[in-house]
Amino acid sequence: MTVNKPHLVVVGSVAIDWIITPRAERPESVGGSATFFAMAASYLSQVRLVGVVGRDFPDYAVADLRAAGVDVSGLEIVQDGLTFRWKGQYHENMNDRTTLETHLNVFEKFQPRLPAEFRGSEYLFLANIQPRLQSDVFAQMQRPRLVGLDTMNLWISIANDDLKAVLKNVDVLTLNDEEARQLSGEHNIVKAARAVRALGPRNVVIKRGEYGALLFDADGDVFSAPALPLEDVVDPTGAGDSFAGGFMGWLARPGVEPTGASLRTAMIYGSVMASFCVEGFSYDRLKGLDAATIQRRFETFASLTNFDRASLT
Ligand code: AMP
C-alpha cells in the first residue's frame, strides 16, 4: 500500500527585491514571502506554490524552486506585466528596516485559480500578500487540516477589515512584535497576543528578529524559541517567511499533530530555517541544504537552551 504524503499549499508574494544593508546592496534579489516559505518548507514536506510573476522574473528562480521539489504549477507567468517589487533598507542593527518602495505590479489584478489537485491539500499557508488574495485562496480549498497566515504592517493599515475577515479561518498566525501591537492596539506583548487570539487564530507566533520567537498556544501556554546568535548576518530578508516554512513544514509531516510538543518542535525548525536564511542574500543559503546540515543546526538550538534543573530546596 502506498501512503500519500500530505501537501502544503502556500500563496504569497514572489518578488524581485532591492536590498540595502549597511555593508552591501543587491538590486535584483529574488524574494517574496512565498518564495522563502517554499524554499524553507521544501526540506520538510511537499510544497505547492500559488502566485504570480511577470515577464521580468528570472527563469533560474523557477528552476531553483523546482529543483527544491516545489510544485510550481500554481505559479502564473503574466507576459504583459512586471513582477512584484519591493525595496528595503536595513538599519545598522540589522533588525529594523525601512520599506523604500512597494510595487504590486501583477499582484494588482491577480485572481488566483488553484490547480484542481491543490484544492484537497491538507495544509495551507497564507503568506504575506493582500488579505483579499489570502481569502480567495482559502475559499478554493476543500477542508485543510491546518491553516497558517502571515501578514505585515502595510495590510494592517490599508486592508484591516479584509485581514480581520480572513483571520477568522486561521489556526496559526505569525507576525512580528510591532505588527502584533499595531493589530491589537496593545503595547505589552502578552496582552497583544491575547487580543490577537481573540480575532480568530487559536495559536499566535510573535517573531522578534534576533531575539527569537514566542508561541502563545491554544491552551494558553507560552513557549520561547531563541534565535541563533550569529556573527555575520548578511541579509535578514525572508527570515520571517523561512521561519514560517520550517514551522509549517514540520507540522505538515505525516503523523505530526499540530498541538503541544509538536508546535514547540515546529518553533525550532522555524528558527533553524530562519537562521540559514539570514546567512545569505535572497535564498542563496537556503538552496542546497541537506537533512544532515539542518539536523546539526537543530541540535545547536537544543544545546542553546539546555540547562540542568537545579533547586535551592
Ligand atoms: P520578511 O523579511 O520575512 O518580512 O519578508 C520579506 C519579503 O517580503 C521580501 O522578499 C518582499 O518581497 C516581501 N514583501 C515586502 N512587502 C510585501 C507586501 N506588502 N506584500 C507581500 N510581500 C511583501
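## The β2-β3 hairpin

In this predicted model, a hairpin links β2 to β3 by way of 4 residues. The two strands run antiparallel and are joined by 5 bridges, with β3 spanning residues 25-31. Within this pairing, Ala 15 of β2 has Gly 31 in β3 standing opposite. Strand β2, which covers residues 15-20, also supplies at least two residues of the shell around the ligand, and Gly 32 is among the residues that come nearest to the ligand.

## The ligand and its shell

The ligand is surrounded by 20 residues, of which Ser 13, Asp 17, Gly 32, Gly 238 and Asp 241 come nearest. By class, the shell divides into 10 nonpolar, 7 polar and 3 charged residues. Besides β2, the elements that each supply at least two residues are β6 (84-90), α4 (153-158) and α8 (239-251), and α8 gives the most, with 3 residues.

Several polar atoms of the protein lie within 3.5 Å of oxygen atoms of the ligand. A polar backbone atom of Gly 32 is 2.7 Å from a ligand oxygen, and a polar side-chain atom of Asp 241 also lies 2.7 Å from an oxygen atom of the ligand, while for a polar backbone atom of Gly 240 the distance to a ligand oxygen is 3.2 Å. On its own the ligand has 510 Å² of accessible area, and the protein covers 93% of this.

## The open sheet

Nine strands form an open sheet with mixed pairing, in the order β5-β4-β1-β8-β9-β10-β11-β12-β13. Because β5 (71-78) and β13 (222-225) stand at the edges and each has a single partner strand, one side of each is left without a neighbour in the sheet. From one strand to the next, the twist averages 15°.

Inside this order, β9 (residues 146-150) and β10 (residues 172-176) pair in the parallel sense over 3 bridges, and Gly 148 stands opposite Val 172 of β10.

## Helices packed on the sheet

Helix α3, made of residues 131-140, packs on the sheet and touches β1 (7-11), β4 (46-54), β8 (123-126) and β9, and its direction makes about 170° with that of β8. Helix α9, made of residues 260-277, lies across β11 (203-207), β12 (213-216) and β13, and runs at about 25° to β13. The strand β13 that α9 lies across is one of the two strands at the edges of the sheet.

Technical notes. Residues numbered from 1 in each chain as written. Predicted model: local features only at pLDDT ≥ 70, side-chain atom pairs only at ≥ 80, totals over all residues. Heavy atoms only, no water. Near = heavy atom within 4 Å. Polar contact = N/O pair within 3.5 Å; in protein donor to acceptor, adjacent residues only side chain to side chain. Areas by Shrake-Rupley, 256 points an atom, 1.4 Å probe, with all protein chains shown as cover. Nonpolar A, V, L, I, M, F, W, Y, C, P; charged D, E, K, R; others polar. Pairing = 2+ DSSP bridges. Axes fitted to C-alpha atoms, helices over the stretch in contact; angles between N-to-C directions. Contact = heavy atoms within 4.5 Å.
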